[in-house]
Amino acid sequence: TTRRELQPFQLRKLFLEWLFSGSPQVSNLELGLSEGVFTLEPTLSTMLASELTGSGYMRAPLPQNAWTITPDPLEAASRAGSFKNNGGDRWPSARSWFLVGTTGREDVLIAWGALAQPRTLSPGDVLEVPLSLSYA
């Protein structure tokens, strides 16, 4: 899989096509956790370089039918991603989240944000990350 960076108008178009019309342009939408705190717009490379590692860590899949959609003209969507530490070790401290999808064979960074507070998950702990996205 290759990686590319898209301009905001391109991301808006891809996300809206995927979410509102079911277009297969964006697939495999996943929510990930990062150790980084980003004060400038991150790139996909910087997000993936600081993605959590740890026994049992996996990105949370966010299928299209799991989003709550606000009707036009807001073009907003929300849902929560859930992470559970099923491993035997404590995960590093998560400070931000990122939403990544695939277009063909390329990964694209769609959205990102800081968590309300850093979270370290011990075995058995669960973290719910509420998302509310608007591209209007």
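These are my notebook entries on the fold, the aromatic pairs and one tryptophan of this chain.

**Entry 1: the model and its fold**

I am working from a predicted model, and I began with its secondary structure. I counted 2 helices and 8 strands in the protein chain, and reading from the N terminus I noted their order as β-α-β-α-β-β-β-β-β-β.

**Entry 2: burial, surface and contacts**

I next looked up how much of the chain is covered, and found that 42% of its 136 residues count as buried. For the exposed surface I noted about 7,400 Å², of which carbon and sulfur atoms supply 50%. I then turned to contacts between residues at least 6 apart in sequence, and recorded that 73% of these join residues at least 24 apart.

**Entry 3: aromatic pairs**

How many aromatic pairs does the chain hold? I searched for rings of Phe, Tyr and Trp with centres within 6.5 Å, and by this rule the count came to 2 aromatic pairs. In one of them, Y57 and F83, the ring centres are 6.2 Å apart and the planes stand at 10°; planes under 30 degrees apart count as stacked, so I entered this pair as stacked. Y57 sits in the loop between α2 (44-49) and β3 (60-61), whereas F83 belongs to strand β5 (residues 76-84), so the pair ties together parts that are 26 residues apart in sequence.

Y57 also forms an aromatic pair with W91, with 5.5 Å from centre to centre and 85° between the planes, which I entered as edge-to-face. Here too distant parts of the chain are linked, since W91 lies in the loop between β5 and β6 (94-103), 34 residues from Y57. I therefore wrote down Y57, F83 and W91 as one aromatic cluster, the rings being paired by the centre-to-centre rule.

Are the members of this cluster buried or exposed? Both Y57 and F83 are buried. For Y57 I noted a relative accessible area of 13%, and for W91 a value of 2%; W91 is therefore buried as well, because the cut-off for that class is under 20%.

**Entry 4: W112**

Finally I looked up W112, which I located in strand β7 (residues 106-119). Its relative accessible area is 30%, and because this falls between the limits of 20% and 50%, I recorded W112 as partly exposed. I also checked W112 against W97, which is 15 residues away along the chain, and found their C-alpha atoms separated by 5.5 Å.

How values were computed. Residues numbered from 1 in each chain as written. Predicted model: local features only at pLDDT ≥ 70, side-chain atom pairs only at ≥ 80, totals over all residues. Heavy atoms only, no water. Helix = DSSP H or I, 4+ residues; strand = E, 2+ residues; numbered from the N terminus. Buried < 20%, exposed > 50% of the residue type's maximum accessible area, 1.4 Å probe, protein only. Contact = heavy atoms within 4.5 Å. Areas by Shrake-Rupley, 256 points an atom, 1.4 Å probe, with all protein chains shown as cover. Phe/Tyr/Trp six-rings, centres within 6.5 Å; stacked < 30°, edge-to-face > 60°.
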